Amino acid sequence: MTAKIIKPIDNPRHISILFPTRGRSHYLQTLFDSIAKTTAVQSLVDVWIFVDDDDFATQRTLDEHIAADNYDFKIHYVFAPRTYAQGQMFNILRERCTTNPGIYMFIGDKILFATPDWDVVVRETFDRYPDRVLFAYVNSDPNNPNMGFYGCVSAEWTNITGRLHTEFFPFWYDDTWINEVAIMAQSHAKLDIQLVFQGSLGINKRLRNLRFWFRFYRNTAEERMQEAGAILATIFAGNTKALTETQDFAIASNEAQMRVWDTVTDEYLCSLEQKVQQASLNEIAVTQIPAQQEFQSETVNPATAIPKSTPFSDLYFVAERQAIAHLKQKAERFIEQNRFSEAVALLDNILFASQVPAGIHNLRAQCLREMGDLWEAEQAILKELEQTPQDRESQELLDRIQQERLQALKLRDINLLIFPDWQQEEEARSQDVIQVISALVRHPQSDRITLLIETTGIEQEDAEQFILGVMMLLALQEGQEDTDLEISLTGNLSPTIWEVILGRVAGRIVLPQENRAAIKAVAMEAIKTVSLDQLFLNHTLNL
């Protein structure tokens, strides 16, 4: 990633307009014309453009305009290798910008300036803030009035952050990031100017795997909080009370935004991705160079596999690997701090990547084990062993987890199984289970018995609440609260653990209504059965 850079501010009133472009030289003429037509003082504005070094058509177009000297504002471009992240292009432009302006404006290459004297409006907006630490945004979405897809950032702001944009994302999210930070830092102002689009709105040929990147954005909220904190610390240096108050506002603002992100569904993300990709493919036909190369790399994650016919740059995988490394490093820090659930959220994010690196399932298993979720921990290790079958560390962890799962079942000398039908009415189900437990509680060997209750078809928490209710009802009916009988809910068990259980089970107690599918799935048909009548009629039954 580009190093954080602090630059001099040689021209505080100057505005440098920055944008990347690729294969859209047909839009540039009208964009330049709109700047010339609407700018009040062209000598205090210049344009800096990032051009991919294989985009010779755009280079020729820009050379013609520069040579012709058609405008009173200057046009510069940086001809450089393609980047993996969209924010890199803006940061390179800021770094290369020799104007050293007081204001950086970021836009897209399909924009037209529509407001006369827009540059005067920009300067007047910044003049209202004595510290000039500000993101002034242009809103083009009436349904989201606090969001700016484009806007202006003061040089003072970029000197605090050391950059203009983040360098994580191959598409979108950089503008969302700076908006959130500005709102939290209370350095967010709407510009009373209008920008309009040429062609279709919202097209981005870099977009891929939106489910991964949305989660990544959500999981970097802490980084945005830190950035807002640095800005607030600069603005309110020496004013402890104001700093504390604004920090409290930042926390509340972040929590409110997180609640908004919680409402976004995978179905919506998939639908949005399909729409944008199709629109991007349609636009390729009018570009003067191949917009992107055809995808060739193999993916190992079938859940997010990308069709081979899909055009996009393999640089996408560089961005994804950078994001994965960031999530993994952050998860490892959380694990050191015993923040296991937060670490799991980050590791779950990685599972949506196109290629999941070795060791991620192992880390998830360690966290889940610490959280007491042995079933999920076991499943995670099994997935790790699918990737690296000979990994000794994973196999040893699997053995430990499976042993712990068996210990949690509290098997005894006599182990009995029941398979309730969790789909039947709760009252009928309760009566079946009460009869079994009542008989076993009174059994002379109850201190040697573990009753295993199979729970396929019900959430573990719901099953626990059900058994608690049964035991309370039984205590009311028979006046007996204490029992030597051990009761364990199976939860989800792997075939390996079922194999151990079947080797130690004394029998299956037959219920009037049973989960026949679960019985068949674990091959219980061959196990000795015991009826309820046998339990009630012969308490000394030799089990």
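## The seven-stranded sheet

Two strands count as paired here if DSSP finds at least two bridges between them. With that in hand, look at the larger layout of this predicted model: 7 strands make up an open sheet with mixed pairing, and the order runs E3-E2-E1-E4-E7-E6-E8. At the edges you'll find strand E3 (74-80) and strand E8 (188-190), each of which pairs on one side only. From one strand to the next, the twist averages 25°.

Two helices go with this sheet. Helix H3 (residues 86-96) lies across strand E1 (11-21), strand E2 (45-52), E3 and strand E4 (101-106), and runs at about 140° to E1. Helix H4 (residues 118-127) packs on the sheet too, touching E1, E2, E4, E6, E7 and E8. The direction of H4 makes about 120° with that of E1.

## Strand E7 and its partners

E7 has E4 on one side and E6 on the other in the strand order. Strand E6 (residues 135-138) and strand E7 (residues 150-154) run antiparallel and are joined by 4 bridges. In that pairing, Tyr 137 has Gly 151 of E7 as its bridge partner. E4 and E7 run antiparallel as well, again with 4 bridges joining them. Here Phe 106 stands opposite Gly 151 in E7, so to speak of Gly 151 is to speak of a residue named in both pairings, and the general background is that strands of a sheet pair through backbone hydrogen bonds, either parallel or antiparallel.

How many residues of E7 are buried? The count is 5 of 5, which leaves the strand mostly covered. Both faces are covered: Tyr 150, Cys 152 and Ser 154 are buried on one side, and Gly 151 and Val 153 are buried on the other.

## The five-stranded sheet

There's another open sheet, this one with 5 strands in the order E12-E11-E10-E13-E14 and parallel pairing. E12 and strand E14 (529-531) sit at its edges with a single partner strand each, so one side of each has no neighbour in the sheet. The twist averages 30° from one strand to the next.

Down at the E14 end, strand E13 (residues 507-510) pairs with E14 in the parallel sense over 3 bridges. Arg 508 has Thr 529 as its bridge partner in E14.

## The second largest pocket

Edge strand E12 (486-489) turns up again in a pocket lining. The second largest pocket holds about 630 Å³ of space and has 26 lining residues. Which of them lie nearest its centre? They are Gln 460, Glu 464, Leu 489, Thr 490 and Gly 491.

Helix H14 (374-387), helix H15 (392-408), helix H17 (460-478) and E12 each supply at least two lining residues. H17 gives the largest share, with 5 residues. By residue class, the lining splits into 11 nonpolar, 8 polar and 7 charged.

## A buried histidine

His 361 belongs to helix H13 (residues 360-370). Is His 361 buried or exposed? It counts as buried, because its relative accessibility is 8% and the cut-off for buried is under 20%.

Leaving out residues up to four places away in sequence, His 361 touches Leu 351, Val 356, Ala 380, Lys 383, Glu 384 and Gln 387.

Terms used. Residues are numbered from 1 along each chain as its sequence is written. This is a predicted model: local features need pLDDT of at least 70, side-chain atom pairs count only at pLDDT 80 or more; totals for chains, interfaces and linings use all residues. Side-chain values use heavy atoms; hydrogens and water are left out. On a 1 Å grid over the protein atoms alone, a cavity is a set of points where a 1.4 Å probe fits but cannot get out, and a pocket is an open set with protein on both sides within 12 Å along at least five of seven lines; lining residues have an atom within 4 Å of a point. Grid points are joined across faces, edges and corners, and a volume is the space filled by probe spheres set on the points. Ala, Val, Leu, Ile, Met, Phe, Trp, Tyr, Cys and Pro count as nonpolar, Asp, Glu, Lys and Arg as charged, and the others, Gly among them, as polar. Axes are lines fitted to C-alpha atoms, for helices over the stretch in contact, and angles run from 0 to 180 degrees between N-to-C directions. Contact means heavy atoms within 4.5 Å. Buried means under 20% relative accessible area, exposed over 50%, partly exposed in between (1.4 Å probe, protein chains only).
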